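Trainee: Could you take me closely through one part of this model, namely its pockets?

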Amino acid sequence: MRDEVDLVVPVKTLDRAKTRLTSATGGDPVSHAALALALALDTVSAASATPGVRRVVTITSDPAVAAEMAALGVESLPEPTEPGLNAALKHGARTLRSSRIGALQADLPALRPDELQAALEASAGRRAFVPDRQGTGTTLLLAAPGGELDPRFGVGSAGLHRLSGAVALIGAWPSLRCDVDTEEDLRLALALGLGTRTANALPAWTT
């Protein structure tokens, strides 16, 4: 039987998401919200199309995000009362009660299903993580089958996940490691090849 993973993807309310990208959209809140939503939708679409991923569930309290995810056939769970990214991921893991759970960041607009599949296969059933391109953050965290996710997201999460016993997965997966927080990140993702929604929501300076 193939080792399939359920992925939890946390998505902030659009007014709080990707604040460091505000300058990329000229400070216009409508354009900024559209870009933040596009990043998440392209990430979730790619994850949903990945062999080895059984289902994707988002954690969000934004009704607009939940509605757009529903249109993709993706379920959304509300954020828990306890604040913070790690609390949201633990809430999702407890709710799903999957045989194997993973956490994927929502800002991977260039994500390719074949790269995510390769990372899942490289984990070989271990609790593991994929660091971001800088090597300090985490874009993907996987629990071992039947094990706890134990997320340690935040500043220096790659080191924290390594110290907690997770295995670092380092492969030729640029789209999986290119999370987008800044204009520089967005330009790098553009060079890799963006998902359709993000490409359509891009500001004029990228064209």
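Mentor: What follows is a close look at the largest pocket, with a short look at the second largest.
This is a predicted model, in which local features need pLDDT of at least 70 and side-chain atom pairs count only at pLDDT 80 or more, while totals for chains, interfaces and linings use all residues. Residues are numbered from 1 along each chain as its sequence is written, and side-chain values use heavy atoms, with hydrogens and water left out.

The largest pocket (on a 1 Å grid over the protein atoms alone, an open set of points where a 1.4 Å probe fits, with protein on both sides within 12 Å along at least five of seven lines) holds about 960 Å³ of space, a volume being the space filled by probe spheres set on the points, which are joined across faces, edges and corners. Its lining, meaning residues with an atom within 4 Å of a point, numbers 37 residues, and Lys-12, Lys-18, Leu-85, Gln-105 and Asp-181 are the closest to the centre. By class there are 15 nonpolar, 11 polar and 11 charged residues in this lining, where Ala, Val, Leu, Ile, Met, Phe, Trp, Tyr, Cys and Pro count as nonpolar, Asp, Glu, Lys and Arg as charged, and the others, Gly among them, as polar. Helices here are DSSP runs of H or I with at least four residues, numbered from the N terminus; α1 (29-48) and α3 (85-96) each supply at least two lining residues, and α1 gives the largest share, three residues.

The second largest pocket has a volume of about 220 Å³, and among its 14 lining residues Ala-93, Ile-101, Gly-147, Glu-148 and Leu-149 lie nearest its centre. Here α3 contributes the most, with three residues, and the lining divides into four nonpolar, four polar and six charged residues.
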